[in-house]
Amino acid sequence: MAPAYKRILLKVSGEALAGDNSFGIEPQFLQAIAGQIANVAKSGVQVAIVVGGGNIFRGMAGAADGTDRVTADLMGMLGTMINALALSNAISRQGVKSKPFSAATMPSVADTFTARDAKQALEEGFVVVLGGGTGNPFFTTDTASTLRAIELECDVVLKGTKVDGVYSEDPMKNPAASRYDTVSYDEVISKNLRVMDTAAFALARDNNMPIIVYALDDAAGLSGVLAGIARSTRVGGAPQD
């Protein structure tokens, strides 16, 4: 059976790479995520990835601690590049071609991102790993995920989290919180259901880019999410036929 999606954008948070640690990269979790991505790529799906940097440095936290916001966000961008290099290398070790790109110019580290070059790499069978966020301060890597998905003409954004979808409240704090199977962009924004930031949802809404929110530790893995087996929430967009 042909995959439901031809090209996807996966958002991988820095916290996911940290695993059970509060900081850095846990090799076990890095390899597990790389294995899931490689399996999907081997099935014929083109995969682009945006990585966060919260396991290395979080710009907003740095700004709150006294660093000016622009400098703090630049430090966060460098953190995402550490993760991008690590994840790209781990995917390559799974037997799938992978290429890192950076939104910030650093030619000795990675190719500078352009939509043209990244799309060409996808069409040539590479998994592309995108670091550096949008390349601008004041924008999160969630917003970068939606932006890159639109630029690269992806079919869907996949956001892996610690919970299996979008809830009315934080289910970790309120076990009675209700879970959505589907929810509109406007409802997510108006009710401030903060799985991603408002700018990311607004950009997705304006460009009709669907977002699927799922649990990273779901036993069915990324392929199960794409097949509709794993529990998830679909935000906006028209479902696949």
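Select L10, V12, I33, Q36, I37, Y214, L216 and L222: these residues line the largest cavity of this predicted model. The space enclosed there amounts to about 60 Å³, and the count of cavities of 30 Å³ or more comes to one. Colour the lining by residue class, and seven nonpolar residues and one polar residue appear, with no charged residue.

Next, colour the lining by secondary structure. Strand β1 (7-12) and helix α2 (27-42) each contribute at least two residues to the lining of the largest cavity. Helix α2 provides the largest share, three residues.

Now display the strands. Nine of them form an open sheet with mixed pairing, in the order β4-β3-β5-β2-β1-β6-β10-β11-β9. At the edges lie β4 (111-112) and β9 (182-183), each of which pairs on one side only.

Return to β1 and add its neighbour β2 (residues 46-51). The two strands run parallel and are joined by six bridges. Centre the view on L10, a residue of the cavity lining; opposite L10, in β2, stands I49.

Then bring the helices back into view, starting with α2. This helix lies across β1, β2 and β5 (127-131), and its direction makes about 155 degrees with that of β2. Select helix α6 (residues 141-151) as the last stop. Helix α6 also packs on the sheet, where it touches β1, β2, β5 and β6 (156-161). Relative to β1, helix α6 runs at about 170 degrees.

Terms used: Residues numbered from 1 in each chain as written. Predicted model: local features only at pLDDT ≥ 70, side-chain atom pairs only at ≥ 80, totals over all residues. Heavy atoms only, no water. 1 Å grid on protein atoms, 1.4 Å probe; cavity = no way out; pocket = protein on both sides within 12 Å on 5 of 7 lines; lining within 4 Å. Points joined across faces, edges and corners; volume = space filled by probe spheres on them. Helix = DSSP H or I, 4+ residues; strand = E, 2+ residues; numbered from the N terminus. Nonpolar A, V, L, I, M, F, W, Y, C, P; charged D, E, K, R; others polar. Pairing = 2+ DSSP bridges. Contact = heavy atoms within 4.5 Å. Axes fitted to C-alpha atoms, helices over the stretch in contact; angles between N-to-C directions.
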